[in-house]
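Here is a friendly briefing to read alongside the model. Take a look at the fold, then follow the notes below topic by topic.

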Amino acid sequence: MDYRYALEEEAPDRKLYLAVPLNVYKTFFSLQFIQRVVQRSQISLLIYDPDREVIVQWQP
């Protein structure tokens with residue numbers, strides 16, 4: 001959260017994304033509690049497949 005606030009101060013036009021590997025997204029981020037935390041905290045996600053080296057999804 002500190003980095004997010006610092007970025008808002010220094011570069012307010014930039015958007016911060018949390019990069020998450022696909023397997024972690026499918027397991028950990030599928031939990032209801034974690035989904036609520038992500039929503040409440042307004043965390044933007046970038047889901048990527050490290051094996052194929054591609055971005056799978058952007059979640060603003």
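Asp49 of β2 has Val54 of β3 as its bridge partner, in a model that is predicted. That bridge belongs to an antiparallel pairing of β2 and β3, which runs over five bridges. The notes start from this hairpin, move out to the sheet, and then turn to the aromatic rings.

**The hairpin and Glu53**

- Four residues lie between the strands in the hairpin of β2 and β3, and Glu53 has a positive phi there, near 55°.
- Glu53 sits in the loop that links β2 (44-49) to β3.
- Is Glu53 buried or exposed? With a relative accessibility of 72%, Glu53 counts as exposed, because the cut-off for that class is over 50%.
- Looking across to Leu22, which is 31 residues away from Glu53 along the chain, you will find the two C-alpha atoms 11 Å apart.

**The sheet**

- The open sheet is made of three strands in the order β1-β2-β3, with mixed pairing.
- Because β1 and β3 are at the edges and have a single partner strand each, one side of each has no neighbour in the sheet.
- From one strand to the next, the twist averages 25°.
- In which sense do β1 and β2 pair? Their pairing is parallel and spans five bridges, whereas β2 and β3 pair in the antiparallel sense.
- Along the pairing of β1 and β2, Leu18 has Leu45 of β2 as its bridge partner.
- Tyr17 is placed opposite Ser44, also a residue of β2.
- β2 is mostly covered, as five of its six residues are buried.

**Tyr17 and Trp58**

- How many aromatic pairs are there? The count is three.
- One of them joins Tyr17 and Trp58: the ring centres are 4.9 Å apart and the planes meet at 85°, so this pair is edge-to-face. The reasoning is that an angle over 60 degrees puts a pair in that class.
- Tyr17 belongs to β1 (residues 17-21) and Trp58 to β3 (residues 54-59), so their contact ties together parts of the chain that are 41 residues apart in sequence. In the sheet order, β2 stands between those two strands.
- Tyr17 is partly exposed at 27% relative accessibility.
- Trp58 also falls in the partly exposed class, with a relative accessible area of 48%.
- Tyr17 has a charged companion too: Lys15 lies over the face of its ring, 5.9 Å from the ring centre.

**The Phe28 and Phe29 pair**

- What is the geometry of the rings of Phe28 and Phe29? Their centres are 5.4 Å apart and their planes are at 85°, so this pair is edge-to-face.
- Phe29 is buried, at a relative accessible area of 12%, while Phe28 is partly exposed at 41%. The two fall on either side of the cut-off because buried means under 20%.
- Phe28 and Phe29 form one aromatic cluster together with Tyr25.

Methods: Residues are numbered from 1 along each chain as its sequence is written. This is a predicted model: local features need pLDDT of at least 70, side-chain atom pairs count only at pLDDT 80 or more; totals for chains, interfaces and linings use all residues. Side-chain values use heavy atoms; hydrogens and water are left out. Rings of Phe, Tyr and Trp (its six-membered ring) pair if their centres lie within 6.5 Å; planes under 30 degrees apart count as stacked, over 60 as edge-to-face and the rest as tilted. Buried means under 20% relative accessible area, exposed over 50%, partly exposed in between (1.4 Å probe, protein chains only). A charge sits over a ring if NZ of Lys or CZ of Arg is within 6 Å of the ring centre and within 35 degrees of the ring normal. Two strands pair if DSSP finds at least two bridges between them. Axes are lines fitted to C-alpha atoms, for helices over the stretch in contact, and angles run from 0 to 180 degrees between N-to-C directions.
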